[in-house]
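Hi everyone, thanks for making time for this. I'd like to walk you through one structure today, so please have the viewer open.

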Amino acid sequence: MSQSEPIAINPVLPVANGPIGRLSRRFGGAKAKELERFLKFAVVGIIGAVIDLTTTNLLLKTVFVPTSPADVTPLRIAASIGFTLAVISNFIWNRYWTYPDSRSRPLMQQILQFFGVNLVGLGIRYIVLGIFTPIFGNILRGILTSLNEATLATLASNAAILLALGIVMMWNFVVNRYWTYNDVK
């Protein structure tokens with residue numbers, strides 16, 4: 001190679017040799033693209049979860065204070081507010097980062113679809129919180145006998161929220177991918 005010839009640099013080399021590159025080779029191009037979208041969706045979900053949990057816990061400590069793990073109404077109110085803020089953040093990140101090529105669809109249509117999917121997710125979340133917060137409270141009460149009811153309520157609430165986040169993330173990814181962002185190839 002002469003000195004005047006540019007050196008070829010492969011900009012995807014770090015990715016190609018990393019876990020995503022190995023998965024790409026194993027699953028092929030289209031599946032690798034879906035995997036990349038899922039991983040981005042998961043990162044966006046983690047950002048949303050931080051917003052959600054921070055907001056929810058702040059509200060549970062200051063405004064909507066539950067009296068016991070069985071008192072799920074304050075949790076549902078605080079969690080709804082945290083959830084709404086997270087959905088707004090998630091929509092922005094998903095539209096501009098996860099699915100940047102999805103902007104062929106009108107913004108308002110996409111917002112309504114995204115929020116519709118997330119409203120169903122909120123319903124799923126309410127069911128999970130209602131069922132699992134008292135269950136986790138009873139489990140924790142048996143394990144951590146020295147904690148007061150308020151602390152047990154917080155721990156049980158957070159355990160139920162984490163479970164709900166995982167379940168709702170899977171729902172949201174599948175339905176948003178094949179309905180809200182179905183214009184992406």
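Let me start with a question: which residues make up the largest nonpolar core? Keep in mind as we look that this is a predicted model. There are ten of them: Phe-41, Phe-83, Val-87, Phe-91, Tyr-99, Phe-114, Leu-122, Phe-173, Tyr-181 and Val-184. Two elements, α4 (73-98) and α5 (107-143), give two or more residues to this core. Helix α4 provides the largest share, with three residues.

If you click on Phe-41, you can follow its surroundings. Leaving out residues up to four places away in sequence, Phe-41 touches Asn-94, Thr-98, Tyr-99, Met-169, Asn-172, Phe-173 and Asn-176. Another core, of nine residues, lies apart from the one we just saw, and its members include Leu-53, Leu-60, Ala-78 and Ala-160.

Now let's zoom out for the overall layout. The protein chain has six helices and zero strands, so to speak a plain α-α-α-α-α-α pattern when you read along the sequence. Of its 185 residues, 38% are buried. Among contacts with a separation of 6 or more, 75% are between residues 24 or more positions apart. The chain exposes about 10400 Å², and carbon and sulfur atoms supply 72% of that.

On to the charged side chains, which I suspect this group will enjoy. How many salt bridges does a search of the whole structure find? The search finds seven. As a reminder, side chains of opposite charge can pair when their charged atoms come close.

Take Glu-34 to begin with. Its side chain meets that of Arg-37 in a salt bridge, at 2.5 Å from N to O. Both residues sit in helix α3 (residues 29-62), three residues apart, which is about one turn of the helix. Is Arg-37 buried or exposed? With a relative accessible area of 3%, Arg-37 is buried, because the cut-off for buried is under 20%.

Glu-34 also meets Arg-177 in a salt bridge, this time at 2.9 Å from N to O. Arg-177 belongs to helix α6 (residues 149-180) and Glu-34 to helix α3, so this pair ties together parts that are 143 residues apart in sequence. Arg-177 counts as buried too, at 5% relative accessibility. Put Asp-101 on screen as well, and you have a network of salt bridges linking Glu-34, Arg-37, Asp-101 and Arg-177.

Here is one more pair: Asp-52 and Arg-125 form a salt bridge, with their closest N and O atoms 2.5 Å apart. Asp-52 lies in helix α3 and Arg-125 in helix α5, so the pair ties together parts that are 73 residues apart in sequence. Both of these residues are buried.

For contrast, have a look at Val-63, in the loop between α3 and α4. Val-63 is exposed, with a relative accessible area of 53%. Its C-alpha is 8.6 Å from that of Pro-74, and the two residues are eleven apart in sequence.

Finally, a word on confidence. The mean pLDDT of the chain is 82, and 83% of its residues reach 70 or more. Where is confidence lowest, and where is it highest? The lowest is helix α1 (residues 13-17), at a mean of 46, and the highest is α5, at 91. Over residues 4-15 the pLDDT is below 50, and this stretch has four contacts in the model beyond near neighbours in sequence. Where pLDDT is low, the predicted coordinates should not be read in detail.

Note on methods: Residues are numbered from 1 along each chain as its sequence is written. This is a predicted model: local features need pLDDT of at least 70, side-chain atom pairs count only at pLDDT 80 or more; totals for chains, interfaces and linings use all residues. Side-chain values use heavy atoms; hydrogens and water are left out. A nonpolar core is a set of buried Ala, Val, Leu, Ile, Met, Phe, Trp, Tyr and Cys residues joined through side-chain atoms within 4.5 Å. Buried means under 20% relative accessible area, exposed over 50%, partly exposed in between (1.4 Å probe, protein chains only). Helices (H or I, at least four residues) and strands (E, at least two) are DSSP runs, numbered from the N terminus. Contact means heavy atoms within 4.5 Å. A salt bridge is a side-chain nitrogen of Lys or Arg within 4 Å of a carboxyl oxygen of Asp or Glu. pLDDT is the predictor's confidence in each residue, from 0 to 100. Accessible areas come from the Shrake-Rupley method with a 1.4 Å probe; for residues, only the protein chains shown count as cover.
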